[in-house]
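Reader: Hello! I'm in my first year and would like a close look at a single part of this model. Please pick one part and show me how it fits in with the rest.

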Amino acid sequence: MARLTTLYPSSTLSVGQLYRSLFSLLVKYPSLQKAALAQGLLNAAFSAFWTTLALMLFQSFHLGSSAAGLFGLAGAVGALTAPLFGKAADHFGPQRMTRIGALLTSVSFLLMLAAGSWIHSSWYLPILAILTVSFDMGVQMCLISHQTIIYNTAPQAMSRANAILLAGVFIGMTSGSFVASQLFGLWGWQAVIAFATLSSTLALLLRLLPERRTISYDNVM
């Protein structure tokens with residue numbers, strides 16, 4: 001009979017101590033702060049796009065939810081290439097890959113914004129599909145590279161560091177969805193894309209800043 005491998009906890013901290021240690025990790029490691037914030041900004045742009053895409057397709061092209069689903073298939077290309085981004089981060093360095101990914105995302109949204117004058121043209125949808133693939137690849141590239149950064153930064157607390165990164169992701173996605181819904185109702189699709197461009201550009205600028213030194217903080221568990 002096959003048996004499952006016995007796993008032992010890597011930490012003896014209580015639940016309360018584990019939660020407190022998250023804040024300690026965040027204080028000690030500026031690279032973790034930057035990773036969570038930059039990825040949050042990128043995912044705010046990501047979420048803003050996907051939250052309002054179906055509304056735009058119906059309003060501008062009278063297309064239903066199935067059309068938005070097809071765009072989802074285009075966006076899935078980024079997820080399929082995730083293993084390649086992991087290898088690229090190991091080869092070229094995760095810092096460089098985050099900058100390339102953030103640049104690809106921000107340029108994709110900027111081109112999407114520029115193409116807004118063609119929004120009622122038959123050319124707009126294929127352009128949008130191509131740019132959907134490229135920005136999704138950029139977001140995925142940054143996520144994989146940010147995970148590499150935080151794992152190398154805090155190898156003794158990888159799960160907790162990853163929890164902080166994912167908290168940044170979910171806060172960014174929630175905020176992006178809320179802002180996008182308000183912008184779409186007030187000013188339409190172009191306002192949403194302008195927000196996504198701004199958010200992803202801020203992530204790029206953040207990644208271009210020099211790295212700060214790790215703070216000496218003895219209470220990190």
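Author: Let's begin with a word we will need: a residue is buried if its relative accessible area is under 20%, exposed if over 50%, and partly exposed in between, using a 1.4 Å probe and protein chains only. By that rule, 47% of the 221 residues of the protein chain count as buried. This is a predicted model, where local features need pLDDT of at least 70 and side-chain atom pairs count only at pLDDT 80 or more, while totals for chains, interfaces and linings use all residues. Residues are numbered from 1 along each chain as its sequence is written, and side-chain values use heavy atoms, leaving out hydrogens and water.

The chain has eight helices and zero strands, where helices (H or I, at least four residues) and strands (E, at least two) are DSSP runs numbered from the N terminus. Let's take helix 5.

Helix 5 covers residues 94-114, which makes 21 residues. The expected span of a helix is 1.5 Å times one less than its number of residues. For helix 5 that gives 30 Å, and its end C-alpha atoms are indeed 30 Å apart, so the two agree.

Which residues of helix 5 are buried? They are Pro94, Met97, Thr98, Gly101, Ala102, Thr105, Ser106, Ser108, Phe109 and Met112. Viewed down the axis of helix 5, these buried residues fall within an arc of 160°, so they line one face of the helix. The arc is taken from the directions between the helix axis and the C-beta atoms. It helps to know that an α-helix has 3.6 residues a turn, so residues three or four places apart point the same way.

What lies over that face? Helix 2 (30-61), helix 4 (82-92), helix 6 (124-153) and helix 8 (189-208) are among what covers the buried residues of helix 5.

Now zoom in on Met112, which lies in helix 5. Met112 has a relative accessible area of 1%, so it counts as buried. Contact means heavy atoms within 4.5 Å. Setting aside neighbours within four places in sequence, Met112 is in contact with Phe49, Tyr124, Leu128, Leu131, Thr132, Phe135, Gln190 and Ile193. Met112 and Ala194 are 82 residues apart in sequence, yet their C-alpha atoms are 9.0 Å apart in space.

Met112 also leads us to a nonpolar core, meaning a set of buried Ala, Val, Leu, Ile, Met, Phe, Trp, Tyr and Cys residues joined through side-chain atoms within 4.5 Å. The largest such core has 30 residues, and those with the most contacts inside it are Phe49, Met56, Met112, Tyr124, Leu128 and Trp189. At least two residues of this core come from each of helix 2, helix 3 (65-80), helix 5, helix 6, helix 7 (158-187) and helix 8. Helix 2 gives the largest share, nine residues. Leu128, not counting residues up to four places away in sequence, touches Phe49, Leu53, Met56, Phe71, Met112 and Trp189.

Finally, how confident is the prediction? pLDDT is the predictor's confidence in each residue, from 0 to 100. Its mean for the protein chain is 87, and 88% of the residues reach 70 or more. Confidence is lowest in helix 4, at a mean of 76, and highest in helix 8, at 98. Over residues 217-221 the pLDDT is below 50. Where pLDDT is low, the predicted coordinates should not be read in detail.
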